[in-house]
Amino acid sequence: MHRVSGGVFARLCGSRISNQLNENVCNYSRSLVSPQNGPKIAVVGAGPAGFYAAQHIAQARPDATIDIYEKLPVPFGLVRFGVAPDHPDVKKCISTFNKTAELPNITFYGNTALGRDISLKQLKQCYNSVLLSYGAEEDQRLGIPGEHLKNVTAARSVVSMYNGLPGAQGVEINLDTETVVIIGIGNVAVDVARLILTPIDVLRKYDTTEDWLEKLRSSRVKRVVLIGRRGPLNISFTVKELREMLKLENVRPVFHKEQYLPFKEQVAKQERGRKRVIELLFKSALTEPEPETAERWARAEKEMELKLLRSPLEFLPGRDGKSVEKIKLAVNVMKGDTVMETKETEEIETGLVLRSIGYKSIQADKDLPFNDKKGVAKNVDGRVSEGVYAAGWLATGPRGVIVDTMGTAFKIGANVVADLEKGHKENPGRSGMPSLPKSTSWKDWRKLEKIEMEAGKLIGRPKEKITSVSEMLSKIQS
Ligand SMILES: Cc1cc2nc3c(=O)[nH]c(=O)nc-3n(C[C@H](O)[C@H](O)[C@H](O)COP(=O)(O)OP(=O)(O)OC[C@H]3O[C@@H](n4cnc5c(N)ncnc54)[C@H](O)[C@@H]3O)c2cc1C
């Protein structure tokens with residue numbers, strides 16, 4: 001997954017593009033046309049793809065009525081439950097989503113899941129266009145022996161815990177170990193490593209959960225090792241994440257020079273977009289740091305290690321036969337662009353292994369044409385079948401950052417609008433759908449948001465997230 005830096009993203013999402021978009025949203029609300037006979041649109045999933053697509057459709061078709069159905073009582077998908085809490089700039093796109101949700105002909109139905117409370121068949125009967133944007137929630141597995149062992153789990157369990165995803169707080173994350181191994185060298189892997197190693201006092205400034213801070217208080221972790229199958233020219237984290245890794249308080253980055261030397265000549269040949277991160281990586285791995293930095297690293301009590309050219313072969317249990325105690329790795333070499341395993345192996349002792357090798361979607365409804373192998377909805381440019389569309393990670397796979405998701409969601413929103421130009425039937429929309437007694441409204445969400453902020457204020461934090469659906473529902477009713 002490639003990510004733009006927080007600064008660039010903030011400029012794109014938080015101000016430049018989004019100001020322009022916000023203005024359009026406002027102009028639109030001023031010139032609202034009666035949606036009585038206009039097309040009825042259902043959007044499923046209130047993450048970035050759903051919001052950006054809804055925004056585009058609302059602007060292009062002021063006569064449309066748009067209903068957004070979301071599984072959780074609260075909106076924003078991975079912006080709330082994925083993006084690292086110490087990257088608050090990235091979350092600025094929420095202000096654009098708020099403006100979209102508050103348009104008079106957009107209605108939010110939270111706590112309403114496709115495949116549980118509503119079906120694709122019902123949506124197709126009641127709406128002119130159904131746009132599915134329910135993301136990619138399952139993690140990819142390695143398929144190697146020992147993966148079932150206790151304390152081998154998805155990095156996303158950690159992400160969900162530090163971000164307060166309902167259902168994630170009970171998951172066991174064993175930080176009673178000196179070494180954590182993360183398989184993967186993308187931004188999510190680096191986020192998770194950083195959130196394990198960052199001092200509690202620093203994390204407290206952000207909206208991470210008290211549960212995670214509590215876990216960190218008893219953590220024994222001294223070393224986090226990130227494992228990559230390929231060489232240093234193939235890392236997939238971005239420059240912002242690397243800089244953060246180099247600056248992390250009380251943490252020494254560990255690089256293995258011999259993994260960089262054979263590729264040194266190719267650094268200059270890297271394409272512009274990747275050159276900055278590759279140059280900084282090679283400089284950090286191969287040159288002596290400034291004296292001040294060297295002194296800081298010498299004093300550091302913890303390590304973040306980048307181990308490249310290694311493939312996980314097997315997880316080995318400890319004496320109990322149930323929990324992971326070691327990971328066995330193959331040592332790889334690169335032949336041109338191809339990675340090849342050698343016969344050489346090595347082992348790392350660890351009490352927690354986190355997989356961070358990608359995500360896939362699920363087929364939330366049996367009537368949705370689905371590519372099981374790729375874990376995406378079958379679609380051509382977002383078109384699934386007549387009147388049914390897919391956007392975001394459900395359509396593209398787990399690729400890119402919010403800006404990329406925004407770009408594709410706008411395109412698919414434009415396809416919806418273009419198809420509606422051919423005319424539309426007078427469908428009933430929401431009034432034809434079954435009643436949803438447990439659904440939450442946008443007003444309910446704003447109430448929860450206020451409660452979270454007030455709870456945060458009491459403990460000197462930006463907010464304290466409510467981490468269970470039942471608690472959210474009872475707070476709404478109270
Ligand atoms: C851990 C992590 C960190 C990231 N950090 C960054 C970052 O720092 N910067 C950046 O730019 N990008 C980041 N990204 C990428 C970014 O989050 C994605 O590009 C973007 O969220 C994809 O949007 P989406 O709408 O397709 O999916 P999602 O954001 O996943 O939204 C899908 C929504 O659908 C809902 N849903 C699921 N199932 C159903 C159902 N059956 N019925 C109804 N609703 C349903 C979900 O609850 C969710 O609200 C990160 C991704 C991850 C995984």
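This report describes the surroundings of the ligand and one strand hairpin in a predicted model.

**The ligand site**

The ligand is surrounded by 34 residues, of which Ala-49, Glu-70, Leu-78, Leu-114 and Trp-393 are the closest. By residue class, this shell divides into 20 nonpolar, 10 polar and 4 charged residues. Oxygen atoms of the ligand also lie at short listed distances from polar backbone atoms of the protein, as set out in the table below for Ala-49, Leu-78 and Trp-393.

| Protein side | Ligand side | Distance |
|---|---|---|
| Ala-49, backbone N or O atom | oxygen atom | 3.0 Å |
| Leu-78, polar backbone atom | oxygen atom | 2.9 Å |
| Trp-393, backbone N or O atom | oxygen atom | 2.8 Å |

On its own the ligand has 1,000 Å² of accessible area, and the protein covers 97% of that area. The elements that contribute two or more residues to the shell around the ligand are helix 2, spanning 48-60, helix 3, spanning 77-81, and helix 14, spanning 402-420.

**The hairpin of strands 12 and 13**

Strand 12, which comprises residues 324-335, pairs with strand 13, residues 338-349, in the antiparallel sense, and the pairing extends over 9 bridges. One of the residue pairs involved is that of Lys-326 with Glu-349, the latter being its bridge partner in strand 13. The two strands, strand 12 and strand 13, form a hairpin in which 2 residues lie between them, and Gly-336 in the turn has a positive phi of about 65 degrees. In a regular strand, side chains alternate between the two faces of the sheet.

Methods
Residues numbered from 1 in each chain as written. Predicted model: local features only at pLDDT ≥ 70, side-chain atom pairs only at ≥ 80, totals over all residues. Heavy atoms only, no water. Near = heavy atom within 4 Å. Polar contact = N/O pair within 3.5 Å; in protein donor to acceptor, adjacent residues only side chain to side chain. Areas by Shrake-Rupley, 256 points an atom, 1.4 Å probe, with all protein chains shown as cover. Helix = DSSP H or I, 4+ residues; strand = E, 2+ residues; numbered from the N terminus. Nonpolar A, V, L, I, M, F, W, Y, C, P; charged D, E, K, R; others polar. Pairing = 2+ DSSP bridges.
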